[in-house]
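I opened a fresh notebook page for this structure today. Here is what I looked up, in the order I looked.

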Amino acid sequence: MSELLAITGTIAAIATAVIPQQGSVSIVRVSGSQAMAIAQALFSAPGQQVWESHRILYGYIRHPQTQALVDEALLLIMQAPRSYTREDVVEFHCHGGIMAVQQVLQLCLEQGARLAQPGEFTLRAFLNGRLDLTQAESIADLVGARSPQAAQTALAGLQGKLASPIRQLRANCLDILAEIEARIDFEEDLPPLDHKGIISDIDHVAAEISKFLATKDKGELLRTGLKVAIVGRPNVGKSSLLNAWSQSDRAIVTDLPGTTRDVVESQLVVGGIPVQVLDTAGIRETVDQVEKIGVERSRRAANAADLVLLTIDASAGWTESDQEIYDQVQHRPLILVINKIDLVETASIDSGKYPHNIHQIVTTIAAKNQGIDALETAILNIVQTGKVQAADMDLAINQRQAAALTQAKISLEQVQVTITDQLPLDFWTIDLRGAIQALGEITGEQVTESVLDRIFSRFCIGK
């Protein structure tokens with residue numbers, strides 16, 4: 001058994017971010033059979049305060065040998081099984097900063113606790129039956145959520161919105177398996193197997209799995225966000241577009257071409273999706289060594305982006321330089337942004353002037369903050385049509401869950417092939433068991449130690 005999965009003993013860790021000179025409260029969390037003994041050794045509660053579960057005590061943390069005062073603090077007691085880990089848990093709520101919380105953690109370790117491994121508190125909650133594996137992963141997603149929609153999706157997973165239907169699908173497969181195995185063991189005592197009914201039941205499970213698989217791309221978007229690069233010739237309004245979109249002065253804007261020499265980044269949220277916007281240097285041939293480096297970085301940013309906003313100057317129209325830039329980025333999902341439309345007649349903007357495979361065109365006046373709503377709508381259209389097929393934005397699977405679901409679907413399809421080929425019933429059960437195991441891996445009913453190690457090692461130390 002790996003060190004991560006060794007849940008014996010009492011563990012301790014700092015459960016809050018430790019930032020020098022910032023934060024009003026820091027928490028040291030302790031879980032295990034010795035948690036209460038450690039608390040009683042370190043914490044002094046004046047008066048007649050009662051040491052009982054789900055009570056907060058006020059008092060002082062002192063060195064157990066010297067009685068030196070370490071901090072004035074609160075102690076939260078949560079005894080098993082009514083705690084996050086279903087073990088005895090205590091939390092020392094100390095003053096923020098570095099010194100006090102680190103001293104308290106060190107005292108806990110000296111009293112017999114060991115430093116928790118990454119994700120070990122949540123791992124114990126899983127192994128002790130408080131959470132299933134989808135809920136544990138949802139906790140990690142909630143902690144790392146970068147948008148309200150991502151947080152809402154994580155909360156849905158934490159409440160069992162994914163686990164419940166997956167368990168039902170697995171139960172359906174178990175029922176099918178029981179029907180088949182009953183015919184193998186007691187064929188003479190039971191009516192003939194309903195082949196059409198079995199195929200129909202398998203089709204239903206496979207269709208439900210497909211619905212879950214359709215949320216994978218959306219899940220990746222919510223977790224990792226969308227990287228968008230604004231590219232174009234110098235002085236077409238790329239920096240103005242970034243400033244208008246982010247409602248800040250992140251980029252320097254002047255009438256001089258080539259002002260932006262490097263990639264400027266801004267973090268936004270569009271339709272619940274985190275978006276990393278990159279304002280790039282104007283792409284052109286130049287002898288200026290600094291600008292040349294910026295242009296090369298712009299090309300790399302465009303090639304690495306999930307979506308490119310090719311920005312042009314409406315008053316200049318589609319130029320040869322615009323065409324050259326387009327040729328370099330046309331392999332990426334692309335929206336054409338026609339900026340400075342106040343300088344031309346709107347009627348003169350003819351989509352026929354532009355390459356025929358540009359399907360999304362947005363007009364803006366970035367300097368006046370106009371056209372941003374239309375730009376966001378176009379981005380969401382790209383996302384919905386090109387990356388996301390599912391309509392249920394309250395549920396999204398991750399890569400591990402998608403791999404298990406894919407395996408389950410492949411196994412079910414193989415069962416159907418086996419039935420069609422009229423192979424013996426024993427062969428039907430082989431792939432059906434494979435589907436059952438794959439579905440069990442999602443919730444943790446059937447999971448290997450290496451999978452658990454990989455999942456929980458990505459958690460922070462105190463969670």
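The entries below go from the whole chain down to single residues.

**Entry 1: the whole chain**

I began by noting that this is a predicted model. I then asked how many helices and strands the protein chain has. I found 15 helices and 13 strands.

Next I looked up burial, and 46% of the 463 residues in the protein chain came out as buried. For the surface, I noted that the chain exposes about 22,200 Å². Carbon and sulfur atoms supply 50% of that area.

I also checked how far along the sequence the contacts reach. Among contacts with a separation of 6 or more, 69% are between residues 24 or more positions apart.

**Entry 2: the cysteines**

How many disulfides does the structure hold? I counted zero. I wanted to know why C94 has no bond to another cysteine, so I looked for its closest cysteine sulfur. That sulfur belongs to C108 and is 8.4 Å from the sulfur of C94, which is too far for a bond. The cut-off that matters here is 2.5 Å between the two sulfur atoms.

I looked from the other side too: C108 is in no disulfide, and its nearest cysteine sulfur is that of C94. Are these cysteines buried or exposed? C94 is buried, with a relative accessible area of 3%. C108 is buried as well, at 0%.

**Entry 3: an annotated set of four**

I turned to the UniProt record, an unreviewed entry. Its "binding site" annotation covers R29, E91, R130 and K463. From this set, K463 is taken in by the lining of the largest pocket.

I looked at E91 next. I found E91 in strand β6, which runs over residues 89-95. With a relative accessible area of 7%, E91 is buried, because the limit for that label is under 20%. Which residue shares a polar contact with the side chain of E91? The partner is R29, side chain to side chain, at 2.9 Å. So two members of the annotated set are joined by a polar contact, and I marked that pair in my margin. Leaving aside neighbours within four places in sequence, I listed the contacts of E91 as I27, V28, R29, L74, L75, L76 and M78.

R130 came after that. I located R130 in the loop between α3 (120-127) and α4. R130 counts as partly exposed, at 38% relative accessibility. The side chain of R130 reaches the backbone oxygen of S83 at 3.4 Å. Beyond four places in sequence, R130 is in contact with S83, Y84, R86, A125 and Q135.

**Entry 4: helix α9**

Why did I write "largely enclosed" beside helix α9? Nine of the nine residues of this helix (residues 238-246) are buried, so the rest of the structure largely encloses it. The buried residues include K238, L241, N243 and W245.

Just after α9, I noticed Q247, which takes a positive phi of about 55°.

I went back to the UniProt record here. A "binding site" annotation, again from the unreviewed entry, covers S239 and T260. S239 is found in helix α9, and S239 counts as buried at 9% relative accessibility.

**Entry 5: T443**

I looked up T443, which lies in helix α14 (residues 425-443). Is T443 buried or exposed? T443 is buried, with a relative accessible area of 2%. The side chain of T443 makes a polar contact with the side chain of E445, at 2.7 Å. Setting aside neighbours within four places in sequence, I noted contacts from T443 to residues including F126, D132, L133, A163 and R167.

**Entry 6: A145**

My last stop was A145. Where does A145 sit? I found A145 in the loop between α4 (133-143) and α5 (148-158). A145 counts as partly exposed, at 28% relative accessibility. Not counting residues up to four places away in sequence, A145 touches A150 and A151.

I also compared A145 with T224, 79 residues apart from it along the chain. The C-alpha atoms of A145 and T224 are separated by 9.1 Å.

How values were computed. Residues numbered from 1 in each chain as written. Predicted model: local features only at pLDDT ≥ 70, side-chain atom pairs only at ≥ 80, totals over all residues. Heavy atoms only, no water. Helix = DSSP H or I, 4+ residues; strand = E, 2+ residues; numbered from the N terminus. Buried < 20%, exposed > 50% of the residue type's maximum accessible area, 1.4 Å probe, protein only. Contact = heavy atoms within 4.5 Å. Areas by Shrake-Rupley, 256 points an atom, 1.4 Å probe, with all protein chains shown as cover. Polar contact = N/O pair within 3.5 Å; in protein donor to acceptor, adjacent residues only side chain to side chain. UniProt positions renumbered as here; feature names shortened; annotations may be inferred. 1 Å grid on protein atoms, 1.4 Å probe; cavity = no way out; pocket = protein on both sides within 12 Å on 5 of 7 lines; lining within 4 Å.
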